[in-house]
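Here is a friendly walk through one protein model. Please take a look at the sequence and the structure, then read on.

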Amino acid sequence: MTTAFYSHPDCRRHDMGRGHPECPQRLDAIDDHLIAQGLTAAFERREAPLVTLDDLALAHSSGYVAELRDFLQQVAESGQSRAIDPDTIACPDSLGAAMRAAGAAVAATDAVIDGEIENAFCAVRPPGHHATRAAAMGFCFFNNIAVAARHALDVRGLERVAIVDFDVHHGNGTEDIIANDERVLMVSFFQHPLYPYSGGVPKGTNMVNLPVPPYTRGGEVRELIETQWMPRLEAFRPQMIFISAGFDAHREDDLGQLGLVEADYAWITQRIKAVADRHAGGRIVSSLEGGYNLSALARSVAAHLRVLAGV
Ligand SMILES: [Zn+2]
C-alpha cells in the first residue's frame, strides 16, 4: 500500500511578509530534504484540489466561510496584504492557498477511505488547528484537519475518528469545533502556558489535553503519551486517525521551549500507526501545522514520513 504526499504550488504563494516564521520556505525545506534523503520514491506525489464550500461548512459556520472568502477575494483584487490579527496576514494569494490546504486533507481522506492509498501526508500551508468555527487566528484560516475529520464522518459515513495533535501549541480551533462531538476523540500535548493560552481545562469529555511546562523533554512526553493517550485511543477504536502534525515542539524551534527531537516524532508516529493498524485498517491522514526552524522541520517531517511509508 502507498503513502501519498499532497501539496500544491499555491500553498507556497501565501506570504505573510518578510521575517514571518510561517513562511513559504518551510515547504521548500521539506521538499529539498526529502530529495536529499532519497525519500521521494517512498511515496506518491498528488496535487491538492480546492476544497468545496460544502466541506468547509462541516467545520465552520457558513457566515464565517462567506465572510472570510469575501475578505480574501477583496485582498486578491486590491493586490495589498491585510492583517486579520497581528500574527495572521492575508496576501493576494492566500485564498487559493487556504482552499488547497483544506482541499488536500479532504482529498487525502477520500483516497484513504477508497483504499487507493494507505495513508497520506499533506505538506500544505496555511496551517489550520487554531482556526475556530468562526474565526481565523494564529496563522490559520480554515481548520484543515477538522474539515477532513467531519468529511470522513458526515460525508463518508465513518462513525468514530481520532484527531492527534502534537504541535507545541494547543489546537484551540480544533477543540472549539469538535468539543463534545462524541464521534471524535482528540488527544494532544502542548506547552502551557503558551499561545493561545487555552487547553488547561478541556472543553469536552472527548478531549485528552496534556499541558506540559517549558523544557519538557521527549522522554517525558513519550511517557505521558503511553499512559494518557494510548489507553483512550485503544478504548475508542477509531476507524481513521487524523494528525495535526506540527513540529514546533522540536528543541531547535524558537516558537516553543520543548525538547523533542526527530526520534521522538518517529516514535509518536509509530504509536499512532500501531493504533491505526489495529483498529482503522492503517488509515491515517496527517497535515502539516507548525514547525519553524527550517532544518529541524525538514528532518522531523522526514522522520514522520519514514514511519508512515514504512521505509
Ligand atoms: Zn504551533
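Ala-263 is partly exposed, with 46% relative accessible area; partly exposed lies between buried, which is under 20% relative accessible area, and exposed, which is over 50% (1.4 Å probe, protein chains only). Ala-263 belongs to helix H9 (residues 262-279). Helices (H or I, at least four residues) and strands (E, at least two) are DSSP runs, numbered from the N terminus. Between Ala-263 and Ala-303 there are 7.2 Å in space, C-alpha to C-alpha, although they are 40 residues apart in sequence.

A word on the model itself: it is predicted, so local features need pLDDT of at least 70 and side-chain atom pairs count only at pLDDT 80 or more, while totals for chains, interfaces and linings use all residues. Residues are numbered from 1 along each chain as its sequence is written, and side-chain values use heavy atoms, with hydrogens and water left out.

Now to the zinc ion. Its coordination comes from Asp-167 (OD), Asp-167 (OD), His-169 (ND1) and Asp-248 (OD), at 2.0 to 2.7 Å. Donors are N, O and S atoms within 2.8 Å of the metal (3.2 Å for Na, K and Ca); water is not among the atoms, so sites may look incomplete. The four donor atoms make angles of 53 to 152 degrees, and the site is irregular. Four donors would count as tetrahedral if all angles lay between 85 and 135 degrees; four count as square planar and six as octahedral if opposite donors are over 155 degrees apart and all others between 65 and 115, and anything else is irregular. Along the sequence, the donor residues follow the spacing D-x1-H-x78-D.

Several residues discussed here are buried:

| Residue | Relative accessible area |
|---|---|
| Asp-167 | 1% |
| His-169 | 8% |
| Ser-287 | 1% |
| Cys-11 | 0% |
| Cys-122 | 0% |

Ser-287 sits in strand E10 (residues 284-288). Beyond its neighbours within four places in sequence, Ser-287 has contacts (heavy atoms within 4.5 Å) that include Cys-122, Val-124 and Asn-144.

How many disulfides does the structure hold? It holds zero, a disulfide being a pair of cysteine sulfur atoms within 2.5 Å. The sulfur of Cys-11 has its closest cysteine sulfur in Cys-122, and because they are 9.3 Å apart, this is too far for a bond.
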